[in-house]
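Work through the exercises below with the model open beside you. Try each task before reading its solution.

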Amino acid sequence: MQVDGVHHRTIRVAEDGAGVEIIDQTKLPHAFEIIRLDSVEQAASAIADMRVRGAPLIGVTGAYGISLQMRTDASDFAVRAAHATLLATRPTAVNLGRALDAIRDAVLAVPEARRVEVAYAKAAELADEDAELCRSIGVHGLPLFEAAFARAEAAGRERLNVLTHCNAGWLATVDYGTALSPIYRAHDAGLPVHVWVDETRPRNQGSSLTAWELGEHGVPHTVVSDNAGGHLMQRGEVDLCITGSDRVTASGDVCNKIGTYLKALAARDNGVPFYAAFPYSTIDWSRHDGVGEIPIEERDPREVSHIAGLAASGEVVEVALLPPRSAAANPAFDVTPARLVEKLVTDRGVCDATAAGLAALYPEHQLHSA
Ligand code: MRU
């Protein structure tokens with residue numbers, strides 16, 4: 001996607017062919033900074049500290065993390081240790097484990113002398129694949145947006161109001177995004193899209209990242225507090241909701257950033273279609289009950305008790321929000337049961353949020369989802 005008219009992906013190999021460059025997302029929207037990773041430890045910290053985040057992007061960063069390790073020690077032990085270090089960073093998104101397994105298996109299949117070359121090639125393949133999958137999500141999602149706009153127009157409205165939660169844009173992937181991919185495509189196709197951007201406490205990926213990237217692309221948008229969505233839906237000001245996902249079960253339950261479930265409940269109560277958009281790499285075919293089976297990341301309570309922002313001095317400062325003796329808790333994801341999801345929008349097409357719907361799109365997994 002474009003930043004100041006220059007095409008960027010969220011991750012790339014540096015010109016020397018060794019280091020890996022990422023956009024430091026903790027600096028957005030106040031500064032656009034590209035930083036370099038040179039070791040598996042730096043890659044693991046970048047994921048844990050959310051310099052990179054979003055299910056597909058942490059998968060690709062993990063893949064490059066193992067590649068970096070191969071430069072200093074490509075032994076079987078080092079491969080497995082790098083895999084374990086990276087896997088421990090964030091538990092909820094399934095993309096990370098899948099990408100790490102793919103790199104581990106690829107490098108262990110060749111002699112040590114070839115492991116650097118094979119790891120970088122496989123990581124690059126995963127990055128290119130993710131960009132293509134996300135582009136495809138946009139293609140398949142566009143007709144849903146066209147239909148929603150036709151309904152909005154028939155009801156006398158002049159714009160298509162979309163509500164999204166967290167950041168499921170190109171910053172969360174290698175390029176294009178998941179939930180934002182059809183939004184960009186609809187905007188580029190001339191639909192008058194306007195996006196309600198949930199701020200997404202506590203990390204504010206909506207107000208800091210989604211708002212920033214929509215702005216860079218020229219998509220009209222308005223940031224709202226996380227509590228505003230139900231009210232907007234009751235007043236007929238939301239035509240569709242679309243979010244990404246960090247893990248989708250074989251039965252269509254959708255795990256995503258905390259607060260997504262409440263949006264889906266409000267959408268159902270108000271007859272607003274709720275869609276989840278994701279690539280195949282987000283589907284966990286081994287799980288069927290999202291609420292009972294998906295590990296939910298508990299993050300540092302400080303993300304709830306404190307907040308950072310740009311001060312008048314031009315510096316980013318952190319301030320405390322709570323009385324010092326109050327406890328805070330920080331579950332980072334929740335699960336929206338499939339029954340609340342109108343359709344799933346994937347790289348292979350749109351389907352019902354059911355085991356049969358997913359299995360029809362990905363027949364190679366039918367055995368697991370039976
Ligand atoms: O904690 P984050 O910022 O990694 O959470 C990201 C999300 O919840 C996204 O919506 C998600 O990864 C899905 S789409 C790329």
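Four exercises follow, on a helix, a core, an arginine and a ligand.

This is a predicted model: local features need pLDDT of at least 70, side-chain atom pairs count only at pLDDT 80 or more, and totals for chains, interfaces and linings use all residues. Residues are numbered from 1 along each chain as its sequence is written, and side-chain values use heavy atoms, leaving out hydrogens and water.

**Exercise 1. Find the buried residues of helix α1 and say what covers them.**

Step 1. Locate α1 at residues 40-48. Helices (H or I, at least four residues) and strands (E, at least two) are DSSP runs, numbered from the N terminus.

Step 2. Pick out the buried positions (under 20% relative accessible area, 1.4 Å probe, protein chains only). They are Val-40, Ala-43, Ala-44, Ala-46 and Ile-47.

Step 3. Check their directions from the helix axis to the C-beta atoms. These residues span an arc of only 160° around the axis, so they sit on the same side of α1. In general, an α-helix has 3.6 residues a turn, so residues three or four places apart point the same way.

Step 4. List the cover. It includes β4 (20-23), β5 (34-37), α2 (55-72), α3 (76-87) and α4 (94-108).

Step 5. Look past the helix end. Met-50 follows α1 and has a positive phi, near 65°.

**Exercise 2. Which residues have the most contacts inside the largest nonpolar core?**

Step 1. Build the core: buried Ala, Val, Leu, Ile, Met, Phe, Trp, Tyr and Cys residues joined through side-chain atoms within 4.5 Å.

Step 2. The largest such core has 38 residues, and Ile-11, Leu-86 and Ile-103 have the most contacts inside it.

Step 3. Assign the sources. The largest share, nine residues, comes from α2.

Step 4. Inspect Leu-86. Beyond four places in sequence, its contacts (heavy atoms within 4.5 Å) include Val-40, Ala-43, Ala-44 and Ile-47.

**Exercise 3. Is Arg-115 buried or exposed?**

Step 1. Place Arg-115 in helix α5.

Step 2. Its relative accessibility is 5%, so Arg-115 counts as buried.

Step 3. Trace its side chain. It reaches the backbone oxygen of Val-110 at 3.0 Å.

**Exercise 4. Which residues are closest to the ligand?**

Step 1. Gather residues with a heavy atom within 4 Å of the ligand. There are 18, and the closest are Arg-53, Ala-55, Arg-90, Asp-246 and Lys-257.

Step 2. Take the distances to ligand oxygen atoms. A polar side-chain atom of Asp-246 lies at 2.9 Å. For the side chain of Lys-257, the distance from an N or O atom is 2.7 Å.

Definitions and conventions:
Buried means under 20% relative accessible area, exposed over 50%, partly exposed in between (1.4 Å probe, protein chains only). A polar contact is a pair of N or O atoms within 3.5 Å; within protein, one must be able to donate a hydrogen and the other to accept it, and residues adjacent in sequence count only if both atoms are side-chain atoms.
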